[in-house]
Amino acid sequence: MTRRPRATIRLDALRHNLQVARRAAPRARLMAVVKADAYGHGMVPVAEAIAGEVDAFAVASPGEGLALRAAGIDRPILVLHGALDAGEVAAARAARLTLVVHHPDQLALYLAGAAPEAWVKIDTGMGRLGLPAETGAAACRRLGAACTGVLSHLANADLPGHPANARQLARFRQATAGLDRPRSLANSAALLSAPPMHFDWVRPGLMLYGASPLQGRTAAELGLRPVMRLTAPLIAIHRRRAGQAIGYGGTWTCPEDMPVGVVAIGYGDGYPRHAPSGTPVHVGGVEVPLVGRVSMDSLCIDLRGCPQARIGEPVQLWGDDLPVERIAERAGTIGYELLCAAGARCERVWR
Ligand SMILES: *Cc1c(COP(=O)(O)O)cnc(C)c1O
């Protein structure tokens with residue numbers, strides 16, 4: 001029995017999801033997004049598992065790129081936030097990292113010395129990082145041969161019919177027309193739903209980890225397999241009386257005499273505190289509901305549907321039996337956040 005909550009990372013599922021991405025965008029090159037410790041799945045083990053099958057990796061910061069290089073990853077690496085100062089530019093150059101340039105000051109920084117290899121990021125409507133779209137081509141020309149690509153990021157790709165997507169696509173086309181450089185626009189959601197957005201490079205993150213990037217579509221419908229399985233042991237089973245309140249605040253009371261289990265995982269381990277009573281967990285082959293408030297290191301579950309459950313038995317919080325999106329929806333968040341949180345806090349094993 002493992003006492004601690006555990007995130008089991010299945011690298012075969014990761015490779016399967018990568019093939020789903022390849023089949024959906026067969027003509028584009030693919031950079032696997034492994035920022036945020038590969039969305040909680042472990043940046044280095046994930047990168048090692050797929051390095052032979054991707055064209056590049058993308059990370060947020062130069063430090064992440066350096067960590068990949070230190071682990072022996074020799075694929076191209078795109079640093080999505082680029083560099084902040086001359087020291088980072090020099091470190092990135094030395095490690096053959098490709099920097100993004102997303103701000104006029106950053107362009108000046110790169111042009112102050114020998115320009116590092118860089119992709120120009122333009123803002124086509126996301127309103128976050130990116131040079132004004134109409135200045136992207138000029139920035140690329142100023143960088144000259146050092147500019148090896150142009151990218152932009154979508155704000156509403158999870159809703160393929162959203163009119164903002166078409167506007168961003170049109171702006172991207174217009175801003176990059178006549179530029180003889182590889183182009184990239186699609187994250188996971190656009191990769192799976194919008195072939196006109198594939199361009200030369202696709203940038204999947206979430207889908208590689210087996211969660212659905214599209215609202216209203218399940219991962220299973222999209223052919224994706226969850227990579228992380230989060231489990232924790234059942235550490236107590238009580239027979240509670242009708243009317244007995246469960247947990248902090250007594251927000252849930254037993255409607256009848258019934259068994260209530262205690263699972264050794266809580267918000268201190270990255271399980272969302274806002275998951276309400278009724279959020280499913282999976283135990284002994286069945287789904288049962290969480291009851292009461294999630295505590296720091298435990299939560300309670302209604303075991304009426306699983307009277308055969310035993311102390312020590314593993315309970316699945318999400319994974320192949322329970323898509324993380326379902327938990328996220330209950331907790332008012334997104335799968336991305338839950339994967340990152342649990343991955344950062346739980347013991348991980350890679351299979
Ligand atoms: C995180 C990120 C991605 C990957 O997005 P997913 O929705 O996880 O596929 C792609 N491009 C950029 C610029 C990102 O920041």
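The lining of the largest cavity comprises 10 nonpolar residues, two polar residues and one charged residue. The model is predicted. The largest cavity encloses about 60 Å³ of space. Thirteen residues line this cavity, and Tyr209, Pro226, Met228, Val324 and Leu339 are the closest to its centre. With a threshold of 30 Å³ or more, the structure holds one cavity. Rolling a probe the size of a water molecule over the atoms reveals where empty space is left.

The ligand was examined next. The ligand sits in the largest pocket. Around the ligand there are 14 residues. Lys35, Tyr39, Ser188, Leu206 and Tyr336 come nearest. By class, the shell around the ligand contains six nonpolar residues, four polar residues and four charged residues.

Polar contacts to the ligand involve both side-chain and backbone atoms of the protein. In the side chain of Lys35, an N or O atom is 2.6 Å from an oxygen atom of the ligand. Lys35 is also among the residues that come nearest to the ligand. Leu206, another residue of that nearest group, contributes through its backbone. A backbone N or O atom of Leu206 lies 2.8 Å from a ligand oxygen atom. The contact of His153 involves a nitrogen atom of the ligand. Here the distance to an N or O atom in the His153 side chain is 3.5 Å. This value counts as a polar contact because the cut-off is within 3.5 Å. Burial of the ligand was also computed. Taken alone, the ligand exposes 390 Å², of which the protein buries 94%.

The disulfide count comes to one. The link is formed by Cys140 and Cys147. Their sulfur atoms are 2.5 Å apart. This pair is counted because the rule accepts cysteine sulfur atoms within 2.5 Å. The link of Cys140 and Cys147 is left-handed, with -90° about the S-S bond.

In summary, the predicted model places the ligand in the largest pocket, with 94% of its 390 Å² buried by the protein. The side chains of Lys35 and His153 and the backbone of Leu206 supply N or O atoms at the distances given above. One cavity of 30 Å³ or more and one disulfide complete the description.

Note on methods: Residues are numbered from 1 along each chain as its sequence is written. This is a predicted model: local features need pLDDT of at least 70, side-chain atom pairs count only at pLDDT 80 or more; totals for chains, interfaces and linings use all residues. Side-chain values use heavy atoms; hydrogens and water are left out. A residue is near a molecule or strand if one of its heavy atoms lies within 4 Å of it. A polar contact is a pair of N or O atoms within 3.5 Å; within protein, one must be able to donate a hydrogen and the other to accept it, and residues adjacent in sequence count only if both atoms are side-chain atoms. Accessible areas come from the Shrake-Rupley method with a 1.4 Å probe; for residues, only the protein chains shown count as cover. On a 1 Å grid over the protein atoms alone, a cavity is a set of points where a 1.4 Å probe fits but cannot get out, and a pocket is an open set with protein on both sides within 12 Å along at least five of seven lines; lining residues have an atom within 4 Å of a point. A molecule sits in a cavity or pocket if more than half of its atoms lie within 2 Å of its grid points. Ala, Val, Leu, Ile, Met, Phe, Trp, Tyr, Cys and Pro count as nonpolar, Asp, Glu, Lys and Arg as charged, and the others, Gly among them, as polar. Grid points are joined across faces, edges and corners, and a volume is the space filled by probe spheres set on the points.
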